Amino acid sequence: MASNHSTLFESNLKSLEFLHRGKVRDLYAVGSDKLLVIQSDRLSAFDVILPDPIPEKGYVLTALSFFWFRRLGHILPNHLTEVEAASVVAADERRQVEGRAMVVRRLTPLKIEAVVRGYIIGSGWNDYQKTGAVCGIKLPPGLKQAEKLPEPIFTPATKAPIGEHDENISFDEAARIVGDRGLAERVREIAIRIYREAASYAEKRGIIIADTKFEFGTDQNGALVLIDEVLTPDSSRFWPAAEYRTGISPPSFDKQFVRDWLETQPWNKKAPAPRLPPEVLRKTSEKYQQALRLLTG
């Protein structure tokens, strides 16, 4: 598919105060109570930011997040505002935010990743093979790689700085980090509920959501809010239902294509990463766009 948007590796706004550049997102202050979040086309693999942007990626992440925030708003409030991104930047900066940015409420993020797994794959599969458990949750013996779990499980992780790996932790450790066991229990309950609803919807559209990572924050009254991005190919493992089978790592609508290519390269998984060939960029971009089309119609 031909790209009809400009590609953005890094934003450079002068009209707002710059706050933070993450693996994918650039954050700017909008007054004291709001943030402008720009989804770049950067891609990180093995916790290293790759030198080549993926065309259309920022648009896909933004469109999918908007779609899911609206669809799941009845479960928990989210951080979106009604403010248009183009209205908070200078006229000559609008191209940097068009279709790839959102103005959100400024909240206090919880210092854990809220991961929900419906299938046994990735780091969960590695942990299960070693211990028969994931994050201290005992699982039935004899599960195959990529097998559906009897029930979705909440497997929190630490938030690692750029260049380091998130680590799976027990629920008790997550509650200690959050500092409020009741709040941690609510995060677990809400995260599993959102996952179930999204997975059920996606399955009807031909996509299996194997696992996903949510981020939560609290407002000044301590109320829980869904923040960051939600149920995108960057924060979730999406598998085409038609190609799913157990015993293998199924093909996916995310950066797995890039990871697989990188695994064939003489690279030590430290920055700088190798340049990606045009074919890998194109195919990865197509995977992201296909996920958006299937999920949102």
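**Entry 1: two backbone outliers**

I began at Cys135, which I found in the loop that joins strand E9 (133-134) to strand E10 (137-138). Since the model is a predicted one, I note the backbone angles as values computed from it. Phi of Cys135 comes out near 50°, a positive value in a residue other than glycine. I then asked whether Cys135 is buried or exposed. Its relative accessible area is 13%, and because anything under 20% counts as buried, I entered Cys135 as buried.

Glu56 was my next stop, as its phi is near 75°, again a positive value in a residue that is not glycine. Glu56 sits in the loop between strand E5 (48-49) and helix H1 (57-72), and with a relative accessible area of 7% I list Glu56 as buried. I also looked up a partner remote in sequence: Tyr288 is 232 residues away from Glu56 along the chain, yet their C-alpha atoms are 8.0 Å apart in space.

**Entry 2: a cis peptide bond**

Turning to omega, I recorded a cis peptide bond from Ala271 to Pro272, where the angle is near -5°. Pro272 belongs to the loop that runs between helix H6 (256-263) and helix H7 (278-296).

**Entry 3: helix H1 and its cover**

From Glu56 I went on to helix H1 and checked its length. For its 16 residues, at 1.5 Å a residue, I expected a span of 22 Å, and the end C-alpha atoms are indeed 22 Å apart, so expectation and model agree.

How many of the 16 residues of H1 are buried? I find 12 of them buried, so H1 is largely enclosed by the rest of the structure. Among the buried residues I noted Lys57, Gly58 and Tyr59, as well as the aromatic side chains of Phe67, Trp68 and Phe69. The elements that cover the buried residues of H1 include strand E3 (34-39), strand E6 (101-105), helix H5 (181-204), strand E14 (224-227), strand E15 (236-240) and H7.

I followed this cover into the loop between E14 and E15, where Thr232 is found. Thr232 has a relative accessible area of 0% and is therefore buried. Leaving out residues up to four places away in sequence, I see Thr232 touching Leu61, Leu64, Ser65 and Phe238; of these, Leu61, Leu64 and Ser65 are buried residues of H1.

**Entry 4: Ile194 in helix H5**

Helix H5, which is part of the cover of H1, holds Ile194. Which residues does Ile194 touch, not counting those up to four places away in sequence? I listed Leu72, Ile75, Phe214, Leu226 and Leu231, and Leu72 is one of the buried residues of H1. Ile194 itself is buried, its relative accessible area being 1%. For a further spacing I looked up Val116, which is 78 residues from Ile194 in sequence and 9.4 Å from Ile194 in space, C-alpha to C-alpha.

**Entry 5: Leu13 before the first strand**

I then moved to the segment before strand E1 (17-21), where Leu13 lies. With a relative accessible area of 6%, Leu13 is buried. Beyond residues up to four places away in sequence, Leu13 touches Tyr28, Leu36, Ile38, Val89, Glu93 and Gln96. Arg94 is 81 residues from Leu13 in sequence, and I read the C-alpha to C-alpha separation of the two as 9.4 Å.

**Entry 6: the chain as a whole**

Last, I stepped back to the whole chain, in which I count 7 helices and 15 strands. Along the principal axes the C-alpha trace spans about 60 × 50 × 40 Å. A compact globule of 297 residues would have a radius of gyration near 19 Å, and I find 19 Å for the chain, which agrees.

Buried residues make up 51% of the 297, and of the contacts with a separation of 6 or more, 66% are between residues 24 or more positions apart. The accessible surface comes to about 13900 Å², with 50% of this area belonging to carbon and sulfur atoms. For the charges I noted 41 positive and 39 negative side chains, the centres of the two sets lying 2 Å apart.

How values were computed
Residues are numbered from 1 along each chain as its sequence is written. This is a predicted model: local features need pLDDT of at least 70, side-chain atom pairs count only at pLDDT 80 or more; totals for chains, interfaces and linings use all residues. Side-chain values use heavy atoms; hydrogens and water are left out. Helices (H or I, at least four residues) and strands (E, at least two) are DSSP runs, numbered from the N terminus. The radius of gyration is taken over C-alpha atoms; the globule rule is 2.2 Å times the number of residues to the power 0.38. Buried means under 20% relative accessible area, exposed over 50%, partly exposed in between (1.4 Å probe, protein chains only). Contact means heavy atoms within 4.5 Å. Accessible areas come from the Shrake-Rupley method with a 1.4 Å probe; for residues, only the protein chains shown count as cover. Lys and Arg count as positive and Asp and Glu as negative; His and the chain ends are not counted. The place of a charge is taken as NZ of Lys, CZ of Arg, CG of Asp or CD of Glu. The expected span of a helix is 1.5 Å times one less than its number of residues.
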